[in-house]
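Here are some notes for a colleague who is meeting this structure for the first time. Please keep the model open while reading the numbered points.

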Amino acid sequence: MKIILAAPRGFCAGVNMAIESLDLAIKAFGTPIYVFHEIVHNKFVVETFREKGAVFVDHLSEVPEGSHLLFSAHGVSPEIRRYAKERRLVAIDATCPLVTKVHLEAIRYAREKYTIILIGHDGHDEVVGTMGEAPEAIVLVESVEQAQKIEFPAGTKLAYLTQTTLSVDDANRIIRVLKERFPQLEGPPKDDICYATQNRQEAVSVLAPEADLVLVLGSQNSSNSQRLRELAAEKGVDAHLIDGAGDIDDGWFAGKNAVLITAGASAPESVVQGCVDHLKVRFNATVEIRSIREEEVHFPLPRPLRELGASPK
Ligand code: SF4
């Protein structure tokens with residue numbers, strides 16, 4: 001059996017920055033250190049940090065006054081920032097700059113009196129944070145069906161934004177419907193779906209047709225990982241989204257000759273290698289690395305960590 005190992009895969013620049021931030025914050029400030037929501041949507045990463053003394057909370061009321069608090073890569077609404085200030089929490093913002101870019105676009109459009117159609121998934125941390133920037137100006141659209149039905153008063157100034165981790169194809173289908181129905185619709189100057197999401201999807205698009213099974217490493221609550229699994233399935237290839245080698249069912253590989261392995265932007269390389277090793281041992285698999293694009297993106301650490309000189313960057 002052959003393993004086709006897709007590249008790029010796994011950690012993106014935003015996830016790298018968020019993980020390094022939490023690591024440095026633990027070293028600089030000690031534990032417990034609090035994190036609003038999961039630092040990134042990956043079970044393995046969250047568990048590893050929990051063992052190091054990070055405490056993940058869904059409500060700031062759970063954080064004792066004066067504590068250090070990290071905002072995760074997905075970003076937060078201004079209301080959360082305000083509440084953190086009120087409780088005298090020492091906030092470190094590990095929001096990915098590409099999420100912040102969408103927040104700033106929302107603020108600008110709202111200021112210019114646009115109604116903003118945010119294309120994204122209801123309840124996702126990033127969507128909750130973005131909508132919080134201008135709750136009175138943003139409406140969420142999740143599907144083509146909703147795009148076909150949504151109505152606005154005549155003459156409404158309209159703009160759309162998207163969650164950073166959507167399926168490029170699904171988002172384009174929704175945008176097409178909206179543009180047909182609302183010709184005045186404006187969009188962001190540059191794509192909101194981030195480079196990492198696009199590149200990982202492109203790799204699956206190109207390589208899945210060469211495989212008869214696809215393994216996507218990532219957690220079930222990881223939006224970009226789910227999209228990779230769906231994309232492979234749309235290409236007609238059996239696909240499984242798994243956290244690691246422990247989730248593998250050897251029965252999946254009966255009669256399969258080529259397995260594509262990729263990983264969502266929050267899945268560490270160690271879980272990828274765990275799967276590769278499993279398939280080598282169980283099926284004598286060989287590995288072919290297939291890179292469809294180079295990535296050279298790095299984001300700076302949040303200012304408090306830079307200023308502390310906690311990192312050489
Ligand atoms: Fe940032 Fe994209 Fe990574 Fe999300 S997936 S953290 S938007 S680079």
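1. In which loop does Cys12 lie? In this predicted model, Cys12 is found in the loop between β1 (2-7) and α1 (13-29).

2. Cys12 is also one of the residues that the UniProt record, an unreviewed entry, lists under "binding site", together with Cys96 and Cys194. These residues span 183 residues in sequence, yet no two of their C-alpha atoms are more than 10.4 Å apart, so they gather at one spot. Cys12, Cys96 and Cys194 are also included in the lining of the largest cavity.

3. The helix that follows the Cys12 loop, α1 (13-29), packs with helix α2 (residues 43-52), their axes coming within 11 Å and crossing at roughly 5°. The two helices, α1 and α2, are therefore roughly parallel to each other. On the α1 side the contact involves Ile19, Leu22, Asp23 and Ile26, which meet Val45, Phe49 and Lys52 in α2. By class, this contact of α1 with α2 has 5 nonpolar residues and 2 charged ones, with no polar residues.

4. A second helix pair to look at is α8 (residues 195-207) and α9 (residues 223-234), which pack at an angle of about 20° with their axes 9 Å apart. That angle makes α8 roughly parallel to α9, and α8 passes α9 in a right-handed crossing.

5. In the contact between these helices, Thr197, Arg200, Gln201, Val204 and Ser205 in α8 meet Asn224, Arg227, Leu228, Leu231 and Ala232 in α9. The residues of this contact of α8 with α9 divide into 4 nonpolar, 4 polar and 2 charged.

How values were computed. Residues numbered from 1 in each chain as written. Predicted model: local features only at pLDDT ≥ 70, side-chain atom pairs only at ≥ 80, totals over all residues. Heavy atoms only, no water. Axes fitted to C-alpha atoms, helices over the stretch in contact; angles between N-to-C directions. Helix = DSSP H or I, 4+ residues; strand = E, 2+ residues; numbered from the N terminus. Parallel < 35°, antiparallel > 145°, perpendicular 65-115°, else oblique. Left-handed = near helix turned anticlockwise from the far one by under 90°. Contact = heavy atoms within 4.5 Å. Nonpolar A, V, L, I, M, F, W, Y, C, P; charged D, E, K, R; others polar. UniProt positions renumbered as here; feature names shortened; annotations may be inferred. 1 Å grid on protein atoms, 1.4 Å probe; cavity = no way out; pocket = protein on both sides within 12 Å on 5 of 7 lines; lining within 4 Å.
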